[in-house]
Amino acid sequence: MKNGNETTIVDFQSKRLQLIEQGYCVLEDMLGSETLQKTRKVAFNAVHKLSDEQLAAHRAPGTLINSKAEPGLADCIGNPKALAALGAMGFGSSKFWKAVIISKPGPSPRLYWHQDLIFWDDPRAYSDSSPQIFLMYYLDDTSRENGCLRVLPGTHRQWHDLHTLGEAHTKEINRMENENDPRFLDFPDEMDVPIKAGDLVIGDARMFHATHANSTDQYRTVITVWLFPLFEGLQKTTQSWVHQEFHKDHGEWPMDALEKIKLLIPNYTGTAQKYGFNRQPERSRFGQA
Ligand SMILES: O=C(O)CCC(=O)C(=O)O
């Protein structure tokens with residue numbers, strides 16, 4: 001909706017409901033042109049340092065470059081407009097784990113169907129209040145031709161056959177060793193999410209998602225930012241894990257970069273130990289409030 005001055009008025013309540021019920025929503029025009037240009041440069045430089053072997057290791061997803069060595073991503077990660085939107089949607093007090101530069105070379109194959117929640121042991125994993133969400137900032141316009149996102153709405157709250165087909169991001173599936181793996185197939189009810197550069201997809205980490213192949217000759221790049229909303233409501237071991245992982249990788253970022261993401265920095269001061277994460281849900285727990 002636009003007001004008289006052509007400013008977009010976003011109905012955050014509807015976006016909240018869409019995220020809770022379907023597992024994702026799109027917010028238009030969230031990265032201003034300056035941050036978009038800057039983030040494109042950071043991504044371009046990082047991607048063009050990779051060897052052919054590194055690219056082959058991530059044939060299906062595209063590059064998976066951790067934000068650890070990329071403080072230039074701080075403007076995108078700490079984007080105040082997105083943080084305000086999350087607050088208005090009821091997903092404030094989010095804390096940051098890491099961002100990933102995912103650039104699909106042109107041409108490159110599909111990304112397999114997967115879900116990304118790493119804390120299925122957290123009691124919130126089976127509730128409306130997802131422990132983990134992604135912010136996907138696409139740096140290019142996306143379409144079926146260049147590998148736009150695909151989603152299976154509702155799968156964040158339901159058992160699905162895909163839950164039995166293996167974990168995401170293992171070496172084998174990233175290299176696409178078995179091109180006939182069923183996770184590369186089409187599934188009933190899947191939807192394309194084509195968007196414009198600078199738009200933002202907010203998604204529930206539990207929802208199954210994938211991409212189309214990039215059949216162009218141009219890279220298609222997204223910055224995925226992993227956040228843990230309503231952080232202090234997560235179980236202590238989850239908080240401890242996010243705190244330690246964030247500080248391990250980003251603790252040495254320059255001060256000006258840390259300043260840009262300061263609202264997102266986890267600060268768990270308790271004594272709970274972090275433990276290994278759990279990517280596999282229990283079928284019998286779906287349907288619990
Ligand atoms: O490359 C994309 O569009 C999707 C990336 C993705 O699935 C992820 O970051 O988990």
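**Figure 1. The four-stranded sheet.** In this predicted model, an open sheet of 4 strands runs in the order β4-β9-β6-β7, with antiparallel pairing. β4 (111-114) and β7 (191-193) are the edge strands; each has a single partner, so one side of each is left without a neighbour in the sheet. From one strand to the next, the twist averages 25 degrees. Between β4 and β9, 2 bridges form in the antiparallel sense. Leu-111 faces its opposite residue, Thr-211 in β9.

**Figure 2. The ligand shell.** Ten side-by-side labels are not needed to read this view; the residues are named here. Gly-62, Val-100, Ile-102, Leu-111 and Asp-116 are among the residues that surround the ligand. Leu-149, His-209, Thr-211, Val-222 and Thr-224 are also among them. Three strands each supply at least two residues of this shell: β3 (95-104), β9 (209-211) and β10 (220-228). Sorted by class, the shell has 5 nonpolar, 4 polar and 1 charged residues. Leu-111 and Thr-211, both in the shell, stand opposite each other in the pairing of β4 with β9.

**Figure 3. The six-stranded sheet and its helices.** A second view shows an open sheet of 6 strands, ordered β1-β8-β5-β10-β3-β2 and paired antiparallel. Its edge strands are β1 and β2 (65-66), and each pairs on one side only. Helix α2 (residues 33-47) packs on this sheet and touches β2, β3 and β10. The direction of α2 makes about 65 degrees with that of β3. Helix α7 (residues 236-250) also packs on the sheet, touching β2, β3 and β10. For α7, the angle with the direction of β3 is about 60 degrees.

**Figure 4. Pairing of β5 with β8.** The two strands run antiparallel and are joined over 5 bridges. Tyr-137 has Leu-200 of β8 as its bridge partner. In the order of the sheet, β8 stands between β1 and β5.

**Figure 5. Strand β3 and its two partners.** β3 is mostly covered, with 9 of its 10 residues buried. It is joined to β2 by 2 bridges, and the two strands run antiparallel. Ile-65 stands opposite Ile-101 of β3. Between β3 and β10 there are 8 bridges, again antiparallel. Here Ile-101 stands opposite Ile-223 of β10. Ile-101 thus has an opposite residue in each of these pairings.

**Figure 6. Close-up of Val-100.** Val-100 lies in strand β3 and is one of the residues around the ligand. It counts as buried because it has 20 C-beta neighbours inside 10 Å, and 20 is the cut-off for that class. Leaving aside residues up to four places away in sequence, Val-100 touches Leu-64, Ile-65, Asn-66, Ser-67 and Thr-224. Of these contacts, Thr-224 is also one of the ligand shell. Ser-67 is 33 residues from Val-100 in sequence, yet the C-alpha atoms are 5.8 Å apart.

**Figure 7. The two faces of helix α5.** In α5 (residues 80-88), the buried residues are Ala-82, Ala-85 and Leu-86. Seen down the helix axis, they fall within an arc of 100 degrees, so they line one face of α5. An α-helix has 3.6 residues a turn, so residues three or four places apart point the same way. The buried residues of α5 pack against α1 (12-22), β1 (24-27), β5 (133-138) and β8 (200-204). Pro-80 and Ala-84 are exposed, on the face turned away from the buried side. Just after the helix, Gly-90 takes a positive phi of about 90 degrees.

**Figure 8. Backbone details in the loops.** A cis peptide bond links Gly-106 to Pro-107, with omega about -5 degrees. Pro-107 belongs to the loop between β3 and β4. His-169 is not a glycine, but its phi is positive, near 65 degrees. This residue sits in the loop between β6 (149-151) and α6 (171-175). His-169 counts as partly exposed, with 14 C-beta neighbours inside 10 Å. Met-176, also not a glycine, has a positive phi of about 60 degrees. Met-176 is in the loop between α6 and β7. It is partly exposed, with 19 other C-beta atoms within 10 Å.

How values were computed:
Residues are numbered from 1 along each chain as its sequence is written. This is a predicted model: local features need pLDDT of at least 70, side-chain atom pairs count only at pLDDT 80 or more; totals for chains, interfaces and linings use all residues. A residue is near a molecule or strand if its C-beta atom, placed from the backbone, lies within 6 Å of it. Ala, Val, Leu, Ile, Met, Phe, Trp, Tyr, Cys and Pro count as nonpolar, Asp, Glu, Lys and Arg as charged, and the others, Gly among them, as polar. A residue is buried if 20 or more other C-beta atoms lie within 10 Å of its own, exposed if 12 or fewer, and partly exposed in between; C-beta atoms are placed from the backbone. The arc is that of the directions from the helix axis to the C-beta atoms. Two residues are in contact if their C-beta atoms, placed from the backbone, lie within 7 Å. Two strands pair if DSSP finds at least two bridges between them. Axes are lines fitted to C-alpha atoms, for helices over the stretch in contact, and angles run from 0 to 180 degrees between N-to-C directions.
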